[in-house]
Structure formats: C-alpha cells, structure tokens
Amino acid sequence: MRKARKNEIKKIVLRLLRYTNTQYLPVDLEGIKTMLGIKCLSFCQLEHSIFPQDSDGFSIKKNTASGKQFLVIYNHNMPFERVRWTDAHEIGHCCLGHLDSQQINQEMEQEANYFAKELLMPLAVLDKLNIKKPADISKKCGVSYSAAFNRIADFEEYAFYQRRYGYSALDEQFIKQFCAMYDAGETPAVPDNAKKVIAGVTGKP
C-alpha cells in the first residue's frame, strides 16, 4: 500500500476518533458503532442462514428511506479479541466507502486491515505510552496476542523515522487525541465504556 494512501486512512481514523470523542485505549468499538448507526448481528441471530465456521464476518450496506444503513455480521464463536478486530475491520469498510463497490477486493481488505490496526493500536500513542511489547499491547488495546505481535513489526521503521525527524504532524494529532491518558503524569480513571471492554478481555471487572 502506498504511503500516501496509508496517511489518507490514518486521517479518516483520526476524524472518526474525534467525532466519537474517543480518548482512551482500549477503543470503545461499541460506542463507535452506536454513533455511526452501525447495527451488529451474530451468525446465530440470522435465521435460515449458514455461514462457514472459519469466517470472521462481513458487512453490508442497505439503502433505506432514511438513508444508508450499515450492518455488520460477525462470528460469535470467535474469541472476544478476534471479534473486536472483525468489528474494527468492518467499520473500516464502512468508513472507507468500500461497500459502495459491487465486490470487496484484496486491496480493500488490506486497507480495512490497516484501518483496524490504526484504530485499535495507534502507533504514536503506543510509543508515547512506551507500550511496545506484544503482551502489553494486547492488554492495553484489547486485541489478540498475534495482532499485537504483528504491530510490533511496525515499530522498527517507525522508530527510525521518529529518531531522525521526530513525530509527524499526523502523529502529534493522534497523541493529542489521547492526551487524557498521559497528561498530568499519572494514569487517569478509566471511563465506564473502556471498563466494559477491559472486562471482556480479561474476564475481570
């Protein structure tokens, strides 16, 4: 994927974070879906439908009298962290305009994956918080260990650029968006919506 396109996607993610007033990790995907009017259904909620058990999910767009309606269908048998990734991925398809196409192609899938990665694990924010180990990223962001491990690979190139040039203007905007997490030099009280996500990941309130 071209760097210019990556930056376009990061700007779309940033606009989404601002629109939904998202200021904490783990990102509250349920709140984001509610604000965007995205409805979710699990495989088991759809009667007379059979889906491959190895499918994570998909999204569709319906044109209604009141406008566009986005629907995310997910596999409820997947682990909680995997469902979160699917949600973020499908939100990406919705926000990037992919559902206006007749068919989702490989390039669109790559873009949705990049969107999910930037939404759930914003690199500049993790760097600012000095969270750079897979286990720590997994816990803080509510993602699987494998997703966190894959994110680590991005730090090498990022660290080289950051040492030479400092944070980019886009990085600074991401850091500012999550400033409540590290302003005043202490860990802030976790808001209720984030507590629900943490409980789902750790099994503890």
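**Exercise 1. Contacts of phenylalanine 115**

Task: In this predicted model, find which residues phenylalanine 115 touches, not counting residues up to four places away in sequence, and then place Phe115 within the largest nonpolar core.

Solution: Begin with the contacts themselves, where phenylalanine 115 touches Ile9, Ile12, Val13 and Leu16, and also Ala88, Ile91, Gly92, Cys95 and Leu96, once residues up to four places away in sequence are left out. Next, turn to the largest nonpolar core, which has 42 residues and in which Phe115, Leu119 and Ile137 are those with the most contacts. Finally, ask what supplies the largest share of this core: that share, six residues, comes from α1.

**Exercise 2. A salt bridge between two helices**

Task: Determine which helices are tied together by the salt bridge of glutamate 111 and arginine 5, and decide whether each of the two residues is buried or exposed.

Solution: The side chains of arginine 5 and glutamate 111 meet in a salt bridge, at 2.9 Å from N to O. Arginine 5 lies in helix α1 (residues 3-19) and glutamate 111 in helix α4 (residues 106-120), so the pair ties together parts that are 106 residues apart in sequence. For the second part, apply the cut-off of under 20% relative accessible area for a buried residue: glutamate 111, with 7%, is buried, and arginine 5, with 16%, is buried as well.

**Exercise 3. A network of salt bridges**

Task: A search of the whole structure finds nine salt bridges; work out which residues are joined into one network by salt bridges that share partners.

Solution: Start with aspartate 154, which forms a salt bridge with lysine 117, the closest N and O atoms being 3.2 Å apart. Because aspartate 154 lies in helix α7 (residues 145-165) and lysine 117 in helix α4, this pair ties together parts that are 37 residues apart in sequence. Aspartate 154 is partly exposed, its relative accessible area being 23%.

Continue with arginine 151 and glutamate 118, whose side chains meet in a salt bridge of 3.0 Å, N to O. Here arginine 151 lies in helix α7 and glutamate 118 in helix α4, so the parts tied together are 33 residues apart in sequence. Arginine 151 counts as buried at 1% relative accessibility, and glutamate 118 likewise counts as buried, at 4%. The last step is to join the pairs: through salt bridges that share partners, Lys117, Glu118, Arg151 and Asp154 form one network.

Conventions:
Residues are numbered from 1 along each chain as its sequence is written. This is a predicted model: local features need pLDDT of at least 70, side-chain atom pairs count only at pLDDT 80 or more; totals for chains, interfaces and linings use all residues. Side-chain values use heavy atoms; hydrogens and water are left out. A salt bridge is a side-chain nitrogen of Lys or Arg within 4 Å of a carboxyl oxygen of Asp or Glu. Helices (H or I, at least four residues) and strands (E, at least two) are DSSP runs, numbered from the N terminus. Buried means under 20% relative accessible area, exposed over 50%, partly exposed in between (1.4 Å probe, protein chains only). A nonpolar core is a set of buried Ala, Val, Leu, Ile, Met, Phe, Trp, Tyr and Cys residues joined through side-chain atoms within 4.5 Å. Contact means heavy atoms within 4.5 Å.
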